Amino acid sequence: MNRGILQGDSLSPLLFVLCMDPLSRKLNEKFPKVSVKTDGEHHTTNHLLFIDDLKILAESDDVLARMVQETKKFLGAIGLEMNREKSATNSTSCADEGEILEGTKGYKYLGIIEDSTGRPTKETLTKIRAELAARAERLCKTKLNAKNLFKALNEHALSLLNYHVGVLRLEPEDFSEIDHEIRQILIANKVHMQPACRERLYLPRSELGRGLHSVEHKSEHMLLQLKSVYSSDNSTSQPEGQQS
């Protein structure tokens, strides 16, 4: 390497923040913000930035093009480059900077595949389910004993969903189907028998169960925690004397 630092270096996140924070400030100062509607709320911003993943938002093609040029100018000054192969846009004014999103084409931002309007697509869930099933199959073919097998299933396979709960718009039926798929894999590999008690499969080992995590129950618990944190943040941000 002629420049930069190794990926995985503990100093990397700090250096990226130090380099990219001025870009965030510059975009906020020089360009108008747009209103982004979420569930029951509106937020105003003109970009989303996480480490080296940048999403630029604008109401007109002209403003978007100027923001892209400002970003390229800044990156050039600090010795970074835009990766065109990983960039995408829904504006023809920036066609030279990345792939044009048309029709059903998607774009991956922070591991989530989004459509041209920025909404997460079902494609992400399909890929996660396929990878989860593949990991479960590989683990079932190992020579791990029962305790270690179910621990590996919880930590190596089912944990794939942790990042996506609360981000993707999933219904309880989606999580229930994943639980069903995992049970079918266990049955096919004779780890769990068809006539065996399903409830015991999800009980902790301390309660004479097998210790498998239920995706349906775990996701419900995570969503309740997120809702609780969100409600707490909103209540503490209100002025004194104002109640929700």
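This is a chat about the cores, salt bridges, a hairpin and a surface patch in a predicted model.

Q: Before we start, what kind of model is this, and how are residues numbered?
A: It's a predicted model, where local features need pLDDT of at least 70, side-chain atom pairs count only at pLDDT 80 or more, and totals for chains, interfaces and linings use all residues. Residues are numbered from 1 along each chain as its sequence is written, and side-chain values use heavy atoms, with hydrogens and water left out.

Q: Cool. How many residues are in the largest nonpolar core?
A: It has 27 residues, and among those with the most contacts inside it are L132, F150, I182 and L212. A nonpolar core here is a set of buried Ala, Val, Leu, Ile, Met, Phe, Trp, Tyr and Cys residues joined through side-chain atoms within 4.5 Å. Buried means under 20% relative accessible area, exposed means over 50%, and partly exposed is in between (1.4 Å probe, protein chains only).

Q: Which helices supply at least two residues of this core?
A: α3 (122–140), α4 (146–157), α5 (172–188) and α7 (215–236) each do. The largest share, 6 residues, comes from α3. Helices (H or I, at least four residues) and strands (E, at least two) are DSSP runs, numbered from the N terminus.

Q: And what does I182 touch?
A: I182 touches L132, A136, L158 and L212, leaving out residues up to four places away in sequence. Contact means heavy atoms within 4.5 Å.

Q: Which residues does the second core include?
A: That separate core of 8 residues includes M20, M67, F74 and L75.

Q: Switching topic: how many salt bridges are there?
A: The structure holds 8. To count, a side-chain nitrogen of Lys or Arg must be within 4 Å of a carboxyl oxygen of Asp or Glu.

Q: What does E70 form a salt bridge with?
A: E70 pairs with K30, and their closest N and O atoms are 3.1 Å apart. E70 lies in helix α2 (residues 61–78) and K30 in helix α1, so the pair ties together parts that are 40 residues apart in sequence.

Q: Is E70 buried or exposed?
A: E70 is buried, with a relative accessible area of 12%, while K30 is partly exposed at 47%. Both also belong to a network of salt bridges that links K26, K30 and E70.

Q: What about E177 and R129, where do they sit?
A: Their side chains meet in a salt bridge (3.2 Å, N to O). E177 is in helix α5 and R129 in helix α3, 48 residues apart, so this pair links distant parts of the chain. R129 counts as buried at 17% relative accessibility, and E177 is partly exposed at 38%.

Q: How far apart are E131 and R135 in helix α3?
A: They're 4 residues apart, which means about one helical turn separates them. Their salt bridge has its closest N and O atoms 3.0 Å apart.

Q: OK, strands now. How do β3 and β4 run?
A: They run antiparallel, with 4 bridges joining β3 (residues 47–50) to β4 (residues 53–56). Two strands pair if DSSP finds at least two bridges between them. H47 has I56 in β4 as its bridge partner.

Q: What's in the turn of that hairpin?
A: The hairpin has 2 residues between its strands, and I51 in the turn has a positive phi of about 55°.

Q: Last one: which residues make the nonpolar surface patch?
A: L11, L14, L15 and L18 make a patch of about 360 Å². Patches are made of residues with over 30% relative accessible area and no salt bridge; like charges are joined within 9 Å, and nonpolar side chains (Val, Leu, Ile, Met, Phe, Trp, Tyr) within 5 Å. Accessible areas come from the Shrake-Rupley method with a 1.4 Å probe, and for residues only the protein chains shown count as cover. L14 lies in helix α1 (residues 12–30) and counts as partly exposed at 48% relative accessibility.
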